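Thanks for coming. I will take a few minutes to walk through one model, so please have it open in front of you.

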Protein chains: 2
Amino acid sequence: MNLKELSHLLGLSQTTISRALNGYPEVNEETRQRVMKVAKETGYRPNRAAQRLATGKAGSIGLIMPISTNHSSDMHFAEFQSGLAEVAIEHDFHFVIMPARMQDEEQAIRWLVASGSVDAYYIAYVREKDPRILMAKSLPLPFIVHGRSEGLELDYPYLDVDNEGAFFDATRFLLQLGHQRIALLNGQAELDFAVRRKRGLEKALKEAGLSLDPATTRHGFMTDEQGYRGMAGILRLPNRPTAVLCASTVLALGAVRAINEAGLKLGRDVSLIAHDDELPLLKPEHFSTPLTTTRSSLKAAGKRIAERLISTIKGVDNNYPQQELWKVDLVVRASTGPVPRA
Amino acid sequence: MNLKELSHLLGLSQTTISRALNGYPEVNEETRQRVMKVAKETGYRPNRAAQRLATGKAGSIGLIMPISTNHSSDMHFAEFQSGLAEVAIEHDFHFVIMPARMQDEEQAIRWLVASGSVDAYYIAYVREKDPRILMAKSLPLPFIVHGRSEGLELDYPYLDVDNEGAFFDATRFLLQLGHQRIALLNGQAELDFAVRRKRGLEKALKEAGLSLDPATTRHGFMTDEQGYRGMAGILRLPNRPTAVLCASTVLALGAVRAINEAGLKLGRDVSLIAHDDELPLLKPEHFSTPLTTTRSSLKAAGKRIAERLISTIKGVDNNYPQQELWKVDLVVRASTGPVPRA
C-alpha cells in the first residue's frame, strides 16, 4: 500500500493524508482518525520524501556538535542527544549535525539555517553574552537555547536548570557540616552554567562570612583527567580544603581517584558533592563511596527540547512556557560528612 | 571576499574554484595551488551552499543511530562518532543522522539514500547474514561496513577488528595461568562481533580439551547494569568460574562491582579480561585494580571510515584496501593472575 493507493481508497488528497498522519493541525480530528484507522488496517508506511513534499518540512532538527582538539567524545553531549532521539523517532524526525569548533559555531548555524535541511535547531554550550542568540533571533528558523546567556538583555526561548540554586544549596549543606574551605572543580569558565554554579557557591560562602579561594578553583573540560589533575593539585596545597564541589560526575571520577591516591578517605577526610546529569555509566550510587549530588537529568532536557521544537515545527500548541527553569535536587549520600577535626 | 569576487580576481569560474578548494581531482595541481594561495591571502571562507551547487555533492555522511527502549546513550556509538567528526570537520562535511529501531534500519537506509541529503553512509552493528549489506549493494550510494557479516558470501567494503583472534589470545593467556572455568559477558548474541568473540573463546578452550559452559555465558546490551547482573549471577553458581571475558570495559565496570560486593579480590580470586575500545572515560589503567584488556580504538575506526568515505566521495585515491582487518593488542595488567588453589 503506497500513498497513492491510500489516497484512492480514502478519497482524500495525498497532501491531506500526509498532514493527517503527521498530526498537522490543518486536518480536522475526524478526518485524522479515519486516515489513521485505514492506514493501520492496510499496513501503510509513509514515504518520507512524499511527506516532505506534502508538508514543506524537512522533518529534521539541526544541531552543532562541539569539537575540540583537547578532548574526545563528550558523554554529556551523547546523553542529551539520546533524549532528543527518543522523541525524534516517535515523530519520524532525523538530525542534521554539523561538527564545529567553538570559533566556527556562528558560521555553522548560518549554514544550518541556509541549507534548508532543518526545520528548527537548538543552541547549547551557551556563553556569557552569547552572540549566537542575537544572531538566531534575526534568522527565520525556530530555535531553543539549552541554558541561558548571562548579560544578554533579550527575550528568547530556553530550557535551563537552576545552576546557581543547585550549588548554593550544596554549599550551604557543607557549611552546616562545618566545612569552611571548599574547593571547586568547574566546567570551562566562559560557559554560562559554570558562571552560575560558581556564583551559587560564592553567595552561600558570603552569607557565612567566607569567600572562595582562587587557589582551590579549577575551570576546564569536564573530563576524568581534568578532575584527577585538579583534585591532586588542590590536595597538595598547604591548608588544603576539606570539601569540594564538582560540576560533573565525570570530574568526580578523576577527583575520587586523586583522593584515594593521596591516602584520604572520601566522606571522612574530604567531602565531595558532584552535579549528576544522570549519565547512565556514572551513577553516583555506584561509586565505591556513593556520591552526594545535585541532580538533573540531561536526557530529560533533550527530550523536552525535542518535544518543544517538533511541536513548534508542526504548529501544535504544546503548553510549555517559552522559558523553563528546572529545579535541581540535592541528594545526600556517603561522600559528605562532618568536617574532620583539625 | 565571496566566491564571486574571488572568481573575478582569479579569472576562474566559481565551479573551478570550489572544486579546487575541496580537492576534487578534476582541477590540476597548479591551478589548485594558485586558488589556495589567493584564498588564503584574501581570507576567503567558502559558502557551503555554493559549494554544493558547484560540486553536486551534499558534503555529508549518513548514519543510523540505533535506538532501543532498553538502554540509553551508548558510549561506544558516541566514541565512534567523535572519530568520524574529527575527520569530517577537516573536510567541511556534516552528518545526517536517522535514529531507528533495529527492525526499521533497512527503511532508514533507503530513506537516507533516497533523500539526496547524503553522499555516502556506513552500516554498523552488523548481524549474521545482514540483509542491509545486500540492499546497500543494490543502492546507488557508496557505503562502508563497520564490522563484517558472518555467513554472507558477498564482496563489500569493510573495516573490522580481529574479534575472534582477540578473544582467542585472551583465552589462551588465561589457560596458561591455569584457569579452566572461564565465563563470558558478551554483547547481543545476534551481533557479528559477539559471534566472533565467542568463537575465539571456544576455539582456545577446545584446543585445551575444554568447552564453554552455557550457564556462565551472558549476552545482552553492553551496559554497566548488564555487567553487574551477569557477573553477580555467575558468581552465585555452585562451581563458579575463576575467570571472565568481558566484551567491553562498560560491562567490566559492572562486573568489577559484583566481584567486590561478593567479597572477592579481582586478579586473585577472579581474573578478568575486558575488550577496551579506548573509551576515554573508562581507561582500564584507572580501575582500582587495573584491567588486562584486548585493545582496539573505536575512535581510530571512526576516523578511518570517515577518511575512506570522504575520499570515495571526492574520487580521490586513498590507498586503503577495500577490506581492512585490524589486529588487536593483548595488554596485561593486574586483573589477571594464576588460578587460585582450590
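First, some terms: two strands pair if DSSP finds at least two bridges between them. Helices (H or I, at least four residues) and strands (E, at least two) are DSSP runs, numbered from the N terminus. The model is predicted, so local features need pLDDT of at least 70 and side-chain atom pairs count only at pLDDT 80 or more, while totals for chains, interfaces and linings use all residues. Residues are numbered from 1 along each chain as its sequence is written, chains are lettered from A in the order in which they are written, and side-chain values use heavy atoms, without hydrogens and water.

Let us start with the sheet that involves both chains. It is open, has 12 strands and mixed pairing, and its order is β11(A)-β5(A)-β4(A)-β3(A)-β1(A)-β2(A)-β2(B)-β1(B)-β3(B)-β4(B)-β5(B)-β11(B). Why is one side of β11 (323-326) of chain A and of β11 (323-326) of chain B left without a neighbour in the sheet? Both stand at the edges, each with a single partner strand. From one strand to the next the twist averages 20°; such angles run from 0 to 180 degrees between N-to-C directions, with axes fitted as lines to C-alpha atoms, for helices over the stretch in contact.

Within this sheet, β4 (residues 143-146) and β5 (residues 158-161) of chain A run parallel and are joined by 2 bridges. There, H146(A) stands opposite L159(A) in β5(A). Helix α5 (residues 75-90) of chain A packs on the sheet and touches strands of chain A, including β1 (60-67), together with β1 (60-67) and β2 (94-101) of chain B. Contact here means heavy atoms within 4.5 Å. The direction of α5 makes about 60° with that of β2(B).

Now to the other sheet, in chain A. This open sheet of 6 strands has mixed pairing and the order β7-β6-β8-β9-β10-β12. Its edges are β7 (217-219) and β12 (329-331), each with a single partner strand, so one side of each has no neighbour in the sheet. Neighbouring strands are turned by 15° against each other on average, direction ignored.

β8 (residues 243-246) and β9 (residues 271-276) of chain A pair in the parallel sense over 4 bridges, and A243(A) stands opposite S271(A) in β9(A). Helix α11 (residues 249-261) of chain A packs on this sheet, touching β6, β8 and β9 of chain A, and its direction makes about 160° with that of β9(A). Helix α8 (residues 163-176) of chain A lies across five strands, among them β6 (182-186) and β10 (292-295), and runs at about 165° to β8(A).
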